[in-house]
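The exercises below each set a task and then work through a solution step by step. Please keep the sequence and the model in view while reading.

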Amino acid sequence: MPLLPHPIKEWLSFYRQVFQNVFREFEEHKVVVIDRTVSFSCSDCGRCCFTQDMGTFVYPNDIERMINGGGFLPLCCIFPQEDEWGNLSYAIPSKREWYETLQALPETMQDEPILIQAYLQMDHALSKLNPDLKILDESCIFYANSKPQNRCLIYEYRPTGCRVYPFDRFKISRVQVPPELIEKYQILGDTSEQDPFLYCDPACFTQSSTLKYKRIREDIVADKVNAILSTDVPDEFAEIDFSTELFRAFHHRTLESKDQGT
Ligand code: SF4
Ligand code: SF4
């Protein structure tokens, strides 16, 4: 793993430990129930990459995978998101959100010239990666609108939520917490029948296809664990904006590579 600032390393390592414990417990108690009778075939419509201003959630284990495999580019694009209960999580922004953030920099970062520079460097790198970045819609910054297929430009390193979609939706999988774990996790499980985040055409679920549920089961469980852990961040980490920390790290790395090139 490249050299990272101390708080980021601490955060990733803490999360890895907690994640592994919860994952193990979830599997032991069969907390995630998958309906294997549902058939699904993706029509490649791309609607799930249009994040409708919420961004694509990214968790520490996603960031770790991106750092180890894909370098700094994807992970530096995470934006903090706060839910109605004040829980902080991180997400890849839409193209529109990215643009609006850049436009607002002179005002929001007026005392942070280093960060402004880092954002501009990132914009430059992103524009090279995705020529469609300037299409200001709600699609993810890594979504190549004009490509006929394979439109995710970070496919190999895409976040867990993207890997499992729509197998994470209620139509296919649910969290059912056994009584002995309800108090510990403070959740009952998924009870809603309505799913506003199911974007696939209904026809996708009727086509016959052989689903490899076994292959993606681990990712489905990981996705559910991530969602639960995102509401339980310890105070020492809840107060740090890792988005800003990562932008700083990106900037330092860019400077270092420039130095080495001169
Ligand atoms: S990371 Fe890739 S799969 Fe996920 S929303 Fe963005 S373009 Fe789509
Ligand atoms: S919304 Fe569903 S059908 Fe469309 S690309 Fe995403 S997973 Fe495939």
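A residue is taken to be near a molecule if its C-beta atom, placed from the backbone, lies within 6 Å of it. This is a predicted model, in which local features need pLDDT of at least 70 and side-chain atom pairs count only at pLDDT 80 or more, while totals for chains, interfaces and linings use all residues. Residues are numbered from 1 along each chain as its sequence is written, and chains are lettered from A and ligands numbered from 1 in the order in which they are written.

**Exercise 1. The shells of the ligands**

Find which residues surround ligand 2, and sort them by class.

Solution. Applying the 6 Å criterion, the shell around ligand 2 consists of Cys42, Ser43, Asp44, Cys45, Gly46, Arg47, Cys48, Tyr165, Pro166, Tyr199, Cys200 and Cys204. For the sorting, Ala, Val, Leu, Ile, Met, Phe, Trp, Tyr, Cys and Pro count as nonpolar, Asp, Glu, Lys and Arg as charged, and the others, Gly among them, as polar. The shell of ligand 2 then holds 8 nonpolar, 2 polar and 2 charged residues.

Now repeat both steps for ligand 1.

Solution. Around ligand 1 stand Cys49, Thr56, Ile92, Cys140, Phe142, Tyr143, Cys152, Ile154, Arg158 and Cys162. These divide into 8 nonpolar, 1 polar and 1 charged.

**Exercise 2. Backbone features in the loops**

Describe the peptide bond that joins Tyr165 and Pro166, and say where Pro166 is found.

Solution. The bond between Tyr165 and Pro166 is cis, with omega about 0 degrees. To place Pro166, one needs the elements of the chain: helices (H or I, at least four residues) and strands (E, at least two) are DSSP runs, numbered from the N terminus. Pro166 is found in the loop between α5 (160-164) and β5 (173-175), and both Tyr165 and Pro166 also belong to the shell of ligand 2.

Next, examine Asp44 and Lys30: where does each lie, and is each buried or exposed?

Solution. Begin with Asp44, which has a positive phi of about 65 degrees although it is not a glycine, and which is found in the loop between β1 and β2 (56-58). A residue is called buried if 20 or more other C-beta atoms lie within 10 Å of its own, exposed if 12 or fewer, and partly exposed in between, with C-beta atoms placed from the backbone. Asp44 has 11 C-beta neighbours inside 10 Å and therefore counts as exposed. Lys30, also not a glycine, has a positive phi of about 50 degrees, and lies in the loop between α1 (6-28) and β1 (32-34). With 9 other C-beta atoms within 10 Å, Lys30 is exposed.

**Exercise 3. Two helices and their packing**

Compare the span of α1 with its expected value, and then do so for α7.

Solution. The expected span of a helix is 1.5 Å times one less than its number of residues. For α1, the 23 residues should span 33 Å, and the end C-alpha atoms are 33 Å apart, which agrees. Helix α7 (residues 213-229) has 17 residues and reaches 23 Å from its first C-alpha to its last, close to the 24 Å expected.

List the buried residues of α1 and of α7.

Solution. In α1 the buried residues are Ile8, Trp11, Tyr15, Val22, Phe23 and Phe26; Trp11 is counted so because it has 21 C-beta neighbours inside 10 Å. In α7 they are Val221, Ala222, Asp223, Lys224, Val225 and Asn226, and here Val225 has 26 C-beta neighbours inside 10 Å.

Finally, determine how α1 and α7 pack.

Solution. Two packed helices are described by the angle between their axes and the distance between the axes. The axes are lines fitted to C-alpha atoms, for helices over the stretch in contact, and angles run from 0 to 180 degrees between N-to-C directions. For α1 and α7 the angle is about 120 degrees and the axes are 10 Å apart. That makes α1 oblique to α7, since angles under 35 degrees count as roughly parallel, over 145 as roughly antiparallel, 65 to 115 as roughly perpendicular and the rest as oblique.
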